[in-house]
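The following exercises concern helix geometry, helix packing and backbone conformation. Please attempt each task before reading its solution.

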Amino acid sequence: MQIQIDKEQELKTSLILVNRTQYSDSLQQILRLTHELPHALLDALRLLYKHLTLHFTNNHIRIIITELYLSQSYYKDAIEELEDAYRIDPYFSQIYLILSKIHAKTAYKKRIQSLFENAINQGIYDSSIIDLLPKIYLEEKNTPKNIELFEKLISHNPKKLHYYKVLAELYRSVQQYDKAGYMLKKMVEFSPKLALDAVKLSANMLRLCPMNFPLRQLLINFLWKACNPEKAHIQIQEL
């Protein structure tokens with residue numbers, strides 16, 4: 001009986017930590033308690049939801065609830081909490097971090113993907129979204145969606161040179177060689193030291209479309225920038 005009383009007091013203490021905005025400490029204390037006494041999970045959730053009714057827009061409390069659900073592999077409940085958190089504040093970064101971590105483990109992949117896509121459409125370019133969405137599209141072999149995504153990423157952050165190379169590769173994969181060449185051109189304009197990368201990609205494309213003279217002209221330009229005039233001269237002879 002004394003143990004039960006002590007645990008109840010520990011649970012109340014964890015709520016005091018929430019009131020003090022010590023959310024991480026509160027979560028760790030509740031997780032430790034529910035690990036020792038699994039039946040305490042329901043009591044913890046009841047108290048947290050009661051607290052949430054008074055502080056409805058506090059997403060930190062929702063994250064604690066989410067982590068408690070995840071500790072028991074209740075993915076559906078966890079995702080529903082994160083969807084509520086998204087509706088309250090779509091810029092709350094922990095939403096995307098947690099969803100990206102559980103994406104591979106859950107049967108609710110499409111719900112996570114849909115939420116990430118909605119966030120991108122709102123102009124939210126969280127790093128967890130940017131890391132996961134391209135992988136999802138790659139697994140789905142959905143190149144048009146990946147192209148659309150990287151076009152938005154470049155528009156949002158035009159100095160991120162990696163995006164140009166990826167988008168050039170995506171355009172190449174759907175035989176849009178002119179657009180691929182343009183991406184390489186923009187990349188080299190930002191950073192001439194990447195000319196060698198542009199040479200390799202454009203040369204590979206020219207093997208597939210040897211009569212594409214604009215692309216050959218780009219290759220010549222990249223070769224000059226990469227300090228390879230001999231090969232540039234050979235390409236000039238092919239014009």
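**Exercise 1. Compare the expected span of helix α5 (residues 75–88) with the distance between its end C-alpha atoms.**

Solution. Helices are DSSP runs (H or I, at least four residues), numbered from the N terminus. The expected span is 1.5 Å times one less than the number of residues. For the 14 residues of α5 this gives 20 Å, and the end C-alpha atoms are 20 Å apart, so the two values agree.

The model is predicted: local features need pLDDT of at least 70 and side-chain atom pairs count only at pLDDT 80 or more, while totals for chains, interfaces and linings use all residues. Residues are numbered from 1 along each chain as its sequence is written, and side-chain values use heavy atoms, with hydrogens and water left out.

**Exercise 2. Identify which residues of α5 are buried and which helices they pack against.**

Solution. Buried means under 20% relative accessible area, exposed over 50%, and partly exposed in between (1.4 Å probe, protein chains only). In α5, Tyr75, Ala78, Ile79, Glu81, Leu82, Glu83, Ala85 and Tyr86 are buried. These buried residues pack against α3, α4 (59–71), α6 (93–102) and α7 (109–121).

**Exercise 3. Describe the packing of α3 and α4, then place Leu42.**

Solution. Axes are lines fitted to C-alpha atoms, for helices over the stretch in contact, and angles run from 0 to 180 degrees between N-to-C directions.

1. The axes of α3 and α4 cross at roughly 160° and come within 10 Å. Angles under 35 degrees count as roughly parallel, over 145 as roughly antiparallel, 65 to 115 as roughly perpendicular and the rest as oblique; α3 is therefore roughly antiparallel to α4.
2. Contact means heavy atoms within 4.5 Å. From α3, Leu41, Ala44, Leu45, Leu48, Tyr49, His51 and Leu52 meet Ile61, Arg62, Ile64, Ile65, Leu68 and Tyr69 of α4.
3. Ala, Val, Leu, Ile, Met, Phe, Trp, Tyr, Cys and Pro count as nonpolar, Asp, Glu, Lys and Arg as charged, and the others, Gly among them, as polar. By class, this contact has 11 nonpolar residues, one polar and one charged.
4. Leu42 belongs to helix α3 (residues 40–54). Its relative accessibility is 66%, so Leu42 counts as exposed. Between Leu42 and Leu68 there are 9.9 Å in space, C-alpha to C-alpha, and the two are 26 residues apart in sequence.

**Exercise 4. Determine how α6 and α8 are oriented and which residues meet.**

Solution. The axes of α6 and α8 cross at roughly 30° and come within 8 Å. At that angle, α6 is roughly parallel to α8. Tyr96, Leu97 and Ser100 of α6 meet Ser128, Ile129 and Leu132 of α8. The contact of α6 with α8 comprises four nonpolar, two polar and no charged residues.

**Exercise 5. Locate Ser73 and Lys141, and state the phi of Ser73 and of Lys141.**

Solution. Most residues other than glycine have a negative phi.

1. Ser73 lies in the loop between α4 and α5. Although not a glycine, Ser73 has a positive phi of about 60°. With 45% relative accessibility, Ser73 counts as partly exposed.
2. Lys141 is in the loop between α8 (127–140) and α9 (143–156). Lys141, also not a glycine, has a positive phi of about 55°. Lys141 is exposed, at a relative accessible area of 74%.

Notes:
Helix = DSSP H or I, 4+ residues; strand = E, 2+ residues; numbered from the N terminus.
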